[in-house]
Amino acid sequence: MAADSAAVLGLVEEFVSGLLDSKSKEAAEAVRDGQFTVLQLVEALGISLTSSQPHTRARGVQMLSEVLQECSASLTEKEVEVLIAFYENRLKDHYVVTPPVLQGLKALTKSPVLPPGCAVSMLKSLFQDVHVQSLMLVERSCVYNMLLNLMETREAELKTLGADFVFGFVQSMDGERDPRNLLLAFRIASSIIHQGYDLGKFAEELFEVTSCYFPIDFSPPPNDPHGVTKEELILALRAILTGTPKFAEFLLPLIIEKVDSDVQSAKLDSLQTLAACVSQYEHKDLAEFLEGLWTSIRREVFQTSSEKIESAGLSALTALTSCVSRSVLSSDSEDYLSTFLSLVIKDCKHHLSEPDLKLVWPSAKLLQAACSASVRASHIITAAVMPGLIEQYNSRTQCSHRRTLLEAVQRFLQSVKSVSTTEKEENALFPYRSSLCGIVFSALSETNNSLQITAISVLTSLAQQEDLLEESDIELAVDHLTKLLLTDEDEKVCLAVVDCAGVLASLHPEQFISKMIPRLKIELFTVPMEMENSLEATKRPSHHTVGQRCLTALAAVSSQPNVVQESTPVLLELISAAHTGSVPFSVEDVVLACLSLQRIAQQVQDTEETGRCFHDIIIPRLLSLALQAALQGEDVPSPSPLVKESVLSAVVPVLTTSCSRLQSKSQQKPRPKAVSLFLNGNVSFLPDNSFPSHIQLLKSNCWKQSQMVCLLMACVCSLPRTVEVPHLDELLSALVELSCSSSHTLSFTSAAKCFAGLVNKRPQGEALDSLIQKTVLRICSELDSPNSTLHTQAFTLLIWLAKALLLRYHPLSTALTDKLFSLLDDANLGSVAADGFSLLMSDSSDVLNRACHADVRIMYRQRFFSENSSKLVQGFHAAKERKPNYLKALSNIVNKLPKQVQVTELPALLTLLLEALSCPDQGVQLSTLSCLQPVLVDPPPALIQQLEALVSRLLALTSSTAMDVKIGSLRCIHAVSHFPTHERLFSEAKTTGFQFHKESRHLFVLQKDLEEFMYEYLTFRARVLKALAKPLDDKKRLVRSEAVRAEGNGFF
C-alpha cells in the first residue's frame, strides 16, 4: 500500500512540478488497473490543490481532470458527488484554474452514475461563476459540450430550472464567434426549442442571441481541417428560428427586412427560412405580416434575375398559402385565405390578359404557386383565373398569344394536380372541363406546330386528372392523336403525340384497342403504290416515315396487358410478312418492330396474362420465323431479313427482356423447349410446324442455322440463377465445340457468350472447375498451335470465359487473364488481346450483366486492376517489339476505372500513360485522352509536376489526322489551362530554378532572377498559342470550337 502511495505521489510530483504531461496518462492507466483510486489521487494532489500559487493549483486540477476523462465511467456515485462539489468550489478560484475545472466537469457529465440534483447544481455554479465568452475557444467548446451531455441524459432534471436554464444559456452564448462553437450552440438552442424547455419570458432573448447570425455569411478558409460549412450553419440556425411559433413576431419582420436587402444570398436564405417556418405556424401568427410578406415575394419574383431566388420565392408563397389555408372558418371569424388570395389575384390577374408582355409568366407562376398550396386555394384561384384564360384564348387570333395562354393553362393544370383531394372534394377544374377540352381540340386542329405541341401537353395533363375527360372526349382525343401521327410532317409534334398516347393508353386502354391500333395496322400494311397518284399523298409524310411512327406508337401505348394482346400480333404479323415477302417491309422496319416488342416487354405490367402472351406466343413465333429463314436455300430470290445479323441482334433483346423480367410461372415453359430445339431439334412447340426432322442447329455447317445460337443465348442466359437449365452439360459441350469450330463470326461469338453466361451462374464446385480446366486446355491447344486456323475463335471464347469468371471472383480467372497478358506479345493476336481488356472491363448489354441475373461482384474492376497493373508495367518494360499493345491494354483498363481510383493510381502509371500519348495507334491515343480528361479537372501533384511533358504530347496530338483525337487533346489542353494558378507557377518555377513557398505564396529567387523566369513562362505560353493556330483553322467546326475554348482561357 505504501508502495502505491509512493507511486501516485511520484506521478503527481512529476506532472505538477516536472511539467511532464504524459504522467497523467500513466495515472489514468493505474486507476483503471486498480492500483489506486481517484480519491487517493485527490489526496496525493492535496498540496498542489491548496498551493498559494494559481498555476500550481491549475496543474493539480488539470491532472485530476485528465484522469477523469479516461476513468469517469468507473467512478461510484459517491465519488462523483464529491468531485462535483470540489469542482464547483474551484469555479470561484483564479481564472487560470477555470479551464481544467471545466474539463473535469465535462468528464463528470458523461458519468452514468451522476447523482440526482448534481446536474442542476453544476449548471447553477457554471452560470453564476463563469463568464463563458471571456474564455478561450477550447474552454467555450467545453461548456457547450457539458450542456449537450446533460441535456441528453438529464433532460427532466434540467427542465426543473425553468426559464433560468434558458437565461443561463443565452448569457453563455451571447457573442460567440467561432463557427465550430456556433454549431454546438445552435444544437443546444434547437434542443431547447424542440424538446419543450420552458422559454418563459426569455423567448425574445433566445431569438435575439441566435438571430443576430441570420443570414449566415461565412466562407470557410481553403483546406479547412475542421470541415464546418456554410450550409451546416444555415440549416442549424434555420432549425432554431423556425422551431417555435413564439418567434413569429420577431422572425417575420426580420425576414421581410432581409428579403428587401441587396444581398442575393440573404434574399435566398430568408425566403427558404420563410418557407420552413410557416409550416410550424398558425394563421394567427402570420395575420399582421401577410401583406408585407406578399409584397416582398412579389417583388422578388417580378424583378429578380436569379432562378434560385425566384424558385425560393414561389416555394415560400406556396408554404404561406398552405399555412393560411389551415385557418378554420366560423361564422364570426375572418377568412384569412380569401383575404390573402385577393391580394395575390389583384396584383397578378390583370397581367394574364397581356400575353405578349414580360410580366405574364411571373404573374402566372405566382398564381400557380398559390393554387398548389391547398384544395381551397385551388378552387379560389381557378375560379378567378380560368374563365379569363379561356375567354382570352377564344378571343385571340395570333398563334403565339394562344400558345402562351395554353401554356399558362397547362401550368394551372399541374398546380391543381399537385393538390391532394378526397373523394368528396370536387376537382377545382371540373366546372371548366368542357371549355378546356374545346380549346385543346381547337388547338390540335391548327397548323402551328408549337401550338399543337402545347395542346398535346395540356391534353396529357387533363387525362391524368380524374373526371376531367369524358368518354367522348377520350375518343375524340384518340382520333386527333392518330391523325397527327399519320399526317403531320413535324417530328417534334409526332414525338409529343407518342408520349401523350402512352399516357392516355395506360389510363383508357379500351379506346386505343378499338380505334388507334386498328388504324395503325391498316397504315402499316398499306402498299405505297396504292397512294402514289393520290393528291393527299403529296401533303403527308412518306410511307416509310409513317410506318416508323406507327411502330413507335404501338410500343408506346402497350403498357396494359389488354393492349399488349392487341398490339403485339400486329408487330409479329409485320415480321412474318417481311419474312414471306408478302408486304415489302425493309430490314429497318423489321428491326424497329423488334425494338418495339422489346420496349413492350420492358414496360408492360408483369402479370400472368402478359407472361403467357410473351412465352406462349411471341417467343415461339420469333423462334419459328428465325428457323424458317435459316432453313431457306441459297437459291431463294429474296432471302428473309431474319437471316441478317442486324435483325437477329434486334430479336435478342426481345427474348432477353422477356425471359429476365416477366413472370416466373410463365418463364418455366419456353426454357426446356428452347434448349431441346437447339440440342435435339424439337420443334413441336413452334407454330407453323412444317420443319424437317433431325435439325441440329448447334452442329450445322450452315451459317444461317448456326448463327441462331444468339437466340439460345438470349433465352437461357437471362434466367435467374435459381432456375435449372436442362441438359446443361451436353449444352455446354456443344457450345464449346461450336465456338471453336465455326468460321462465322456471329455464330462463334454468340456461342462463346452463351457458354460464358451459363458458366457465370453455375454453382461453385468440382464440376465447374473440371469444366473450366477442360475448356482452357481446348483453348490453349488452339492458340498455341501455329498451324491452327481457329485462333480468333479460341481467343473469343477465352476472353468471354475470362470475363464470366472475373465477374464472380472465381479463383481460376487468374489463369485466363494471365493467358491474355501473354498474348500481348503475340504477332497476330497482340492487338486484339489489348482490345480484349476493354471488353473485360466494360458492361455487356446482352449477357453477363445484372439485368440478366449474372453473378457480378462489386468493385471487380478495381480488384482486377490492383492485382494485374504490375504485370502490365513489367510486361511493357520487358517487351521489345510489342510495347504499343501493353500501352493499349493499360489505357483500356484505366479508362474503365472510377475516377477516384484513377487519381489514386495515376502517379505510378503516369510515365506509361504519357508514353501512350506518343503511341502511333490512334485507338490508344483516344483511349488515353478519355482517361486523362476527367483526372485533369482535379489533378494530383504527380501530374502537375509532369506539366511540360504532358502539354508537349497534347500539342502534338492537335495535328492528328483523326478528328476525335484532335478534339480529345484540345479538351485536355483546356483542362490543363484551369490548373490552380499557384500549382502551375510552382511547376514552372521548379523547371527554372525557383522555390515556391505555398504558405506565404511568394516566389524566392535561388538561381535565376525574376526576369528570366517570366521569359521562360512567356516562351512556354507562346509555344502553346502557336500550336493552337492550326486547329483554330481546322476544316471541322467541332475542332475549331474546342480550339477556341482552349485558347480563350486566361492562362494561354
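A residue counts as buried here when its relative accessible area is under 20%. The views below come from a predicted model.

**View 1. Helix 45, a mostly covered helix.** Helix 45 takes in residues 883–895, and 10 of its 13 residues are buried. The buried set runs through N885, Y886, L887, K888, A889, L890, S891, N892, I893 and V894. What do these residues pack against? Their neighbours are helix 42 (813–823), helix 43 (830–841), helix 44 (860–878), helix 46 (899–917) and helix 47 (922–937). As for length, 13 residues at 1.5 Å a residue should span 18 Å, and the end C-alpha atoms of helix 45 sit 18 Å apart, so the two values agree.

**View 2. Helix 19 against helix 20, a left-handed crossing.** Here helix 19 (residues 307–325) packs on helix 20 (residues 336–348) at an angle of about 150 degrees, and their axes are 8 Å apart. That angle is why the pair can be called roughly antiparallel. Helix 19 brings L317, L320, T321, V324 and S325 to the contact, while helix 20 answers with Y336, L337, F340 and L341. Sorted by class, the contact residues come out as seven nonpolar, two polar and no charged.

**View 3. Helix 19 again, now with helix 21 in a right-handed crossing.** For this pair the angle is about 40 degrees, with the axes 7 Å apart. On the helix 19 side, look for E310, L314, L317, T318 and T321; they meet K365, L366, A369 and A370 of helix 21. Which classes turn up in this contact? There are five nonpolar, two polar and two charged residues. L317 and T321 may look familiar: they belong to the contact with helix 20 and also to the one with helix 21.

**View 4. Helix 21 packed on helix 22.** Moving along the chain, helix 21 (residues 360–371) and helix 22 (residues 375–395) pack at about 145 degrees, their axes 8 Å apart. L367, A370 and C371 do the job for helix 21, and A377, S378, I381, T382 and V385 for helix 22. This contact has six nonpolar residues, two polar ones and no charged ones. Keep an eye on A370, which takes part here with helix 22 and also in the contact with helix 19. When reading the spacing of residues along a helix, remember that an α-helix has 3.6 residues a turn, so residues three or four places apart point the same way.

Definitions and conventions
Residues numbered from 1 in each chain as written. Predicted model: local features only at pLDDT ≥ 70, side-chain atom pairs only at ≥ 80, totals over all residues. Heavy atoms only, no water. Axes fitted to C-alpha atoms, helices over the stretch in contact; angles between N-to-C directions. Helix = DSSP H or I, 4+ residues; strand = E, 2+ residues; numbered from the N terminus. Parallel < 35°, antiparallel > 145°, perpendicular 65-115°, else oblique. Left-handed = near helix turned anticlockwise from the far one by under 90°. Contact = heavy atoms within 4.5 Å. Nonpolar A, V, L, I, M, F, W, Y, C, P; charged D, E, K, R; others polar. Expected span 1.5 Å × (residues − 1). Buried < 20%, exposed > 50% of the residue type's maximum accessible area, 1.4 Å probe, protein only.
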